[in-house]
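Some labels given to parts of a protein model rest on cut-offs. The questions below ask what stands behind such labels.

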Amino acid sequence: MTFARKSTLFQSALLAVATLALGYWAWQRYYRPATPVYEGKTLQQWIVDLDDPDYSKSDCAAEVLARVGGEAVPSLLDARRQGDIRLHRRAAAVLVRIGAPAVPGLVEALQENPTEKRIEVPLVRLQASAVPALRNALGQSDEAEAAARVLCAIGPPAEEAVSELIVLLHNSRMGIAARQEAARALGSIGQPPATIVPALIDAIKDRRAEMRIVAAEGLGWLGPSAKAAVPVLAKTLKDDETRVARKACQALSFIADAAAAPFLLEEFQSNRAGLGDEAGIALWRMGGKAERVWPALLSMARGPLEKTAAARNLLASFGPLVVPLLQSALRDDEMARREAAAEILGRIGPPARPAVPDLIATLKDTSPNVSRVAAIALAEIDPTRAAPAVPALMDSLTPPAAHALANIGPSARAAVPSLLAALKPHKDATDDHLLHVEVQTALARIGRPAVPAILEAMKERKNGVAPLAAEALGWILPPPKEAIPALVEALTTDRTHGGVYLRALARLGAPSPEVVPALSKLLAEPTLRAEAAVALAQVDPAQTAKVVPLLVRDFKEGDESVRSQAADALSRLGSAAESAAPILVEALRDRAAAQVALQALQGIGAAAAPSVAKLLEDRNVDFRRIGISLLDQIGSGARSVLPSVLKALGDDDTAVRAGAASIVERLGAAGAEAVPALTQNLYASQRALRSQSASALGSIGPAAKTARRALVECLLDPDENVRYAAALALKSIDPTYVEATPALLDALNDASPKVRLGAIDALSRIAPSSIPEMIPLLAALAGSPYPLDVRLPAVEGLHDLGASEEAKRAIPWLLVTIADIDPSNCLHAARVLARIDPSRAPNVILALAAALRAPSAAARIYILRTLGEFGPKAREATPEIEYLLQDSGPGVREEALKTLQAINPNEGKRSP
């Protein structure tokens, strides 16, 4: 009985439990708890509002999500990952506002996708708030690499993580990539060097080359504070891996300790591929700190040029610094040493002008070779005082000697007979063409004093002297009109070289009606028609309407050679050939004619814009790209087709849209109608289009105010170029837009040095009260081994913000950089140096005068413009500028004349 009752009770209890379980399951299944609501909406609803184009809605959503804080982080991370670029940037901005509570989620997201730049940007912006979580991640094998990379980007504010980074650096059980990032991070953080330097020295002894490379790189970033590493780095120059040795060279140059110079010199002499060049660059970068090896370099420079060119180039790269040593060597007992010193001084060029008296004395050297080399050097350094060198140069008329006579110019008139004689062919001469070019330039530079002798030489129809002499006539300034009859006569008696005489006539320019009949007759000769057409248009512009149709016909109907000549002639006629543009545009569809048609359109320039713009309507994207590229080259001349450019901003092809944005950027304020389309393109998936659109909006200026909010959001774009362009654009559009201040202040912590520069530039206008905190940032950028496109603007920034003494600390390396072989680096450094220390203007002007030797016509033009900005102060560069009046590079001749007029207004009487 009792047992039965107990059994019944047990069964009842079991049934009750089962019933409760079933009920709970049903409740869970059908009665889920309500989604949490924050200020009236769920997180997902606020995320939808965050992406709304209406800023009032998105701002409200951002405020709520920021107040929600850590609970909103998962939703924001998901939105950042899955949304478009606009939602990503807005979500990232909220995560930065949330601060430390957002870090764990961001670090976890970084672990899932270690190369995701979209995650790194907000993490780096969080700075010290992110360091604790990143320190913890350094101990996790699957998180360490990404965490170390972010700490590297954070830099000095991540000092608390140094001990963990050192542990990671030495942990051989960790992956090599994580340990490499640790080495880079230590170099970037930099403090305290007493702890970091020994750790990196240990790492540079690692058995794996990849570790040794980054350890050397890290030591280089520490700069002079890593002086204790010099002996180890010197040994590393002998590393079996050339890649490691090259990094050691770079590190030693950044540490810039004089004790490293002999070791670098030893490697400079080595035969290891690429290492010698790297060691030479390192020595050059050290500037005056390399002084102890200069005598050894001069000893290495003795001997045949083909064997000593590297040593001579390196010594010359130190510029004015080595001039005293070379002056002393000109008086050396050893002939080879005197020759090397003279030749190196010539390589230095105008900056070596203190050596002119010594070179003049060396013209009397007992060695004819030394006196000849001194004469050439004298002409390179200061043509105005090189007249005593002319006899030595005439004695042996090699291409370098003829070039020197060209430098000397009118003062070399005594050499005219020798120069004309050099135009005659010589047996066994392997450099006749080069010699002829230099001789022609010399005759042109000597100018009018040479004209009678040249005209006399043209009467000699043998040996091919006449056409060579005639070519020189075309480059003489002012144009010798008395030469026109001789050139016309030569056309009638020497058809073989008719093209040469016609080019000379064209260059002489200025209306010459008396030659029109003779030139008109030549239009009937197919082989001379193109040159005759150009000459005819130059001597009588009214003839242009007659010659262009003839050239168009040749272009359409002629063979490949005739078509090429016609296209070249149309290009040289420039805007006067506007009527040919439609035919040339159509010819772009013909593979055989496309290239020459393209060149002709480039020459016609802005006048061709309406015809080129029609390509933007083509169904074939390739032709739309060609059209937008041509209009981009035309630049501000494309203003006449602005409606077509605006339409192209919405093209299906992003390359076309980016090209259209580039054109608008050139138009500046005139492109104001493009603001809506450019703003829309800030949300494009292609980063190049976003970057170009931001730049274009900045160039438009105040008329682009409607884009300000979108540009502020771009400050958290995954691409550094977009962030940089956005910062600069905000400053240009509205210097009073204080609403951008918080985002710009955040950008001061950006991983990219360029973005930090852009933020500083913008804040200096928008929030000048923040200038004091920007000075140390600029000083750090100027003093670290960043590329020059970061360091040079940083020095300018220091000067502009009133930190002149900080800016002047850069003078030693600026004096080295103005001798940079890269003309753009030389030019930028020169402009910066002239700004921060006007007393250095003479150094700058002479350095720029030497840089006018640049092989690029565009570089020569930019340098000329900079010299023109100095006005009369640049008169020391006049000889080098005058030499460019005979330059054949597009636009160089005209720019040289403008520069001379800026230096001396009386030059206005001279015509190009």
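What follows is a set of questions and answers on a predicted model.

Q: Why is the contact of Trp221 with Tyr786 called an aromatic pair, and what makes it edge-to-face?
A: The two ring centres are 4.9 Å apart. Ring centres within 6.5 Å count as a pair. The planes of Trp221 and Tyr786 stand at 80 degrees to each other, and over 60 degrees is edge-to-face, so the label follows.

Q: What makes this a link between separate parts of the sequence?
A: Trp221 belongs to helix H13 (residues 209-222), while Tyr786 is in the loop between helix H48 (771-783) and helix H49 (788-800). The two parts are 565 residues apart in sequence, so the pair ties them together.

Q: Why is Trp221 called partly exposed?
A: Its relative accessible area is 31%. Buried requires under 20% and exposed over 50%, so Trp221 falls in between.

Q: Why is the pair of Trp294 and Phe318 called tilted?
A: The centres of Trp294 and Phe318 are 5.3 Å apart, with 55 degrees between the planes. Stacked needs under 30 degrees and edge-to-face over 60, so this pair is tilted. Trp294 is in helix H18 (residues 294-300) and Phe318 in the loop between helix H19 (305-317) and helix H20 (323-329), 24 residues apart. Both Trp294 and Phe318 are buried.

Q: How do you know that the charged end of Arg791 sits over the ring of Trp813?
A: The distance from the charged end of Arg791 to the ring centre of Trp813 is 4.1 Å, and the limit is 6 Å, with a further condition of 35 degrees from the ring normal. Arg86 is likewise placed over the face of Tyr683, at 5.1 Å from the ring centre.

Q: What makes Glu217 and Lys247 a salt bridge?
A: Their closest N and O atoms are 3.8 Å apart. The cut-off is 4 Å, so the contact counts. Glu217 lies in helix H13 and Lys247 in helix H15 (residues 242-255), so the bridge ties together parts 30 residues apart in sequence. Glu217 has a relative accessible area of 24% and is partly exposed; Lys247, with 23%, is also partly exposed.

Q: Why is the contact of Arg572 with Asp568 called a salt bridge, and where do the two residues lie?
A: The N to O distance is 3.3 Å, and anything within 4 Å counts, so the contact is a salt bridge. Arg572 and Asp568 both lie in helix H35, 4 residues apart, about one turn of the helix. Arg572 has a relative accessible area of 32% and Asp568 has 40%. Both values lie between 20% and 50%, so Arg572 and Asp568 are partly exposed.

Q: Why is Glu895 called buried, and why is Arg865 called partly exposed?
A: Glu895 has 10% relative accessibility, and buried means under 20%, so the label fits. Arg865 has 42%, which places it between 20% and 50%, so it is partly exposed. Arg865 and Glu895 form a salt bridge, with closest N and O atoms 3.4 Å apart.

Q: What makes the peptide bonds before Pro192 and Pro478 worth listing?
A: Most peptide bonds are trans. The bond from Gln191 to Pro192 is cis, with omega near -5 degrees, and the bond from Leu477 to Pro478 is cis, with omega near -10 degrees. Pro192 is in the loop between helix H11 (176-189) and helix H12 (193-203). Pro478 is in the loop between helix H29 (465-473) and helix H30 (484-493).

Q: What is the phi of Gln127, and why is Gln127 called buried?
A: Phi is near 50 degrees, a positive value in a residue other than glycine. Gln127 has a relative accessible area of 11%, and buried means under 20%, so Gln127 is buried. Gln127 is in the loop between helix H7 (117-125) and helix H8 (131-137).

Q: How many residues line the second largest pocket, and which lie nearest its centre?
A: The lining has 18 residues, with Arg572, Ser888, Pro890, Gly891 and Glu894 nearest the centre. The lining divides into 5 nonpolar, 6 polar and 7 charged residues. The volume of the second largest pocket is about 940 Å³.

Notes. Residues numbered from 1 in each chain as written. Predicted model: local features only at pLDDT ≥ 70, side-chain atom pairs only at ≥ 80, totals over all residues. Heavy atoms only, no water. 1 Å grid on protein atoms, 1.4 Å probe; cavity = no way out; pocket = protein on both sides within 12 Å on 5 of 7 lines; lining within 4 Å. Points joined across faces, edges and corners; volume = space filled by probe spheres on them. Nonpolar A, V, L, I, M, F, W, Y, C, P; charged D, E, K, R; others polar. Phe/Tyr/Trp six-rings, centres within 6.5 Å; stacked < 30°, edge-to-face > 60°. Buried < 20%, exposed > 50% of the residue type's maximum accessible area, 1.4 Å probe, protein only. Salt bridge = Lys/Arg side-chain N within 4 Å of Asp/Glu carboxyl O.
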